[in-house]
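Colleague: Please take one part of this model and go through it closely. I would like to start from a single residue and work outwards to the packing around it.

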Amino acid sequence: MDLQARIDLWKSIDPDPEFCRKAEREMLLLSCQDEDWVNARMRDFEQALALESVE
């Protein structure tokens, strides 16, 4: 699932950005326990989420 699809999924459940961040982080941690990898993916997610709110 690409980044935009995940943002759309989380927002369809709850549009609150904090919920989206928490859900994404939990999903990433389920797939990989490497904190550096998770943090890098979360930076990408945060940037995409910020762009969503600007548009």
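Modeller: Leaving out residues up to four places away in sequence, Cys20 touches Trp10, Lys11, Asp14, Phe45 and Leu49. The model is a predicted one, and what follows should be read as a description of that prediction.

Cys20 takes part in two helix contacts. Towards α1, Cys20 is one of the α2 residues, with Phe19, Ala23, Glu24 and Met27, that meet Arg6, Trp10, Lys11 and Ile13 of α1. By type, the residues of this contact are six nonpolar and three charged, with no polar ones. Helix α1 covers residues 3–13 and helix α2 residues 17–31; their axes come within 9 Å and cross at roughly 125°. The two helices are therefore oblique to each other, and their crossing is right-handed.

One of the charged residues on the α1 side deserves a separate note. Arg6, which lies in helix α1, has a relative accessibility of 13% and so counts as buried, the cut-off being under 20%. Outside its sequence neighbours up to four places away, Arg6 touches Met1, Glu24 and Met27.

Towards α3, Cys20 belongs to a second set. Here the α2 residues Pro17, Cys20, Arg21, Glu24, Arg25, Leu28, Leu29 and Ser31 meet α3 through Glu35, Trp37, Val38, Asn39, Arg41, Met42, Phe45, Glu46 and Leu49. This contact divides into nine nonpolar, two polar and six charged residues. Glu24 is listed in the contact of α2 with α1 and also in that of α2 with α3. Helix α3 spans residues 35–54, and its axis comes within 10 Å of that of α2, crossing at roughly 150°. That angle makes α2 and α3 roughly antiparallel to each other, because angles over 145 degrees are counted that way. The crossing of α2 and α3 is right-handed.

Both sides come together in the largest nonpolar core, which has ten residues: Ile7, Trp10, Cys20, Ala23, Leu28, Val38, Met42, Phe45, Ala48 and Leu49. Each of α1, α2 and α3 supplies at least two of them, and α3 gives the most, with five. Among the residues that Cys20 touches, Trp10, Phe45 and Leu49 are members of this core. In soluble globular proteins, nonpolar side chains tend to be buried together.

Notes:
Residues are numbered from 1 along each chain as its sequence is written. This is a predicted model: local features need pLDDT of at least 70, side-chain atom pairs count only at pLDDT 80 or more; totals for chains, interfaces and linings use all residues. Side-chain values use heavy atoms; hydrogens and water are left out. Axes are lines fitted to C-alpha atoms, for helices over the stretch in contact, and angles run from 0 to 180 degrees between N-to-C directions. Helices (H or I, at least four residues) and strands (E, at least two) are DSSP runs, numbered from the N terminus. Angles under 35 degrees count as roughly parallel, over 145 as roughly antiparallel, 65 to 115 as roughly perpendicular and the rest as oblique. A crossing is left-handed if the near helix is turned anticlockwise from the far one by less than a right angle, and right-handed if clockwise. Contact means heavy atoms within 4.5 Å. Ala, Val, Leu, Ile, Met, Phe, Trp, Tyr, Cys and Pro count as nonpolar, Asp, Glu, Lys and Arg as charged, and the others, Gly among them, as polar. A nonpolar core is a set of buried Ala, Val, Leu, Ile, Met, Phe, Trp, Tyr and Cys residues joined through side-chain atoms within 4.5 Å. Buried means under 20% relative accessible area, exposed over 50%, partly exposed in between (1.4 Å probe, protein chains only).
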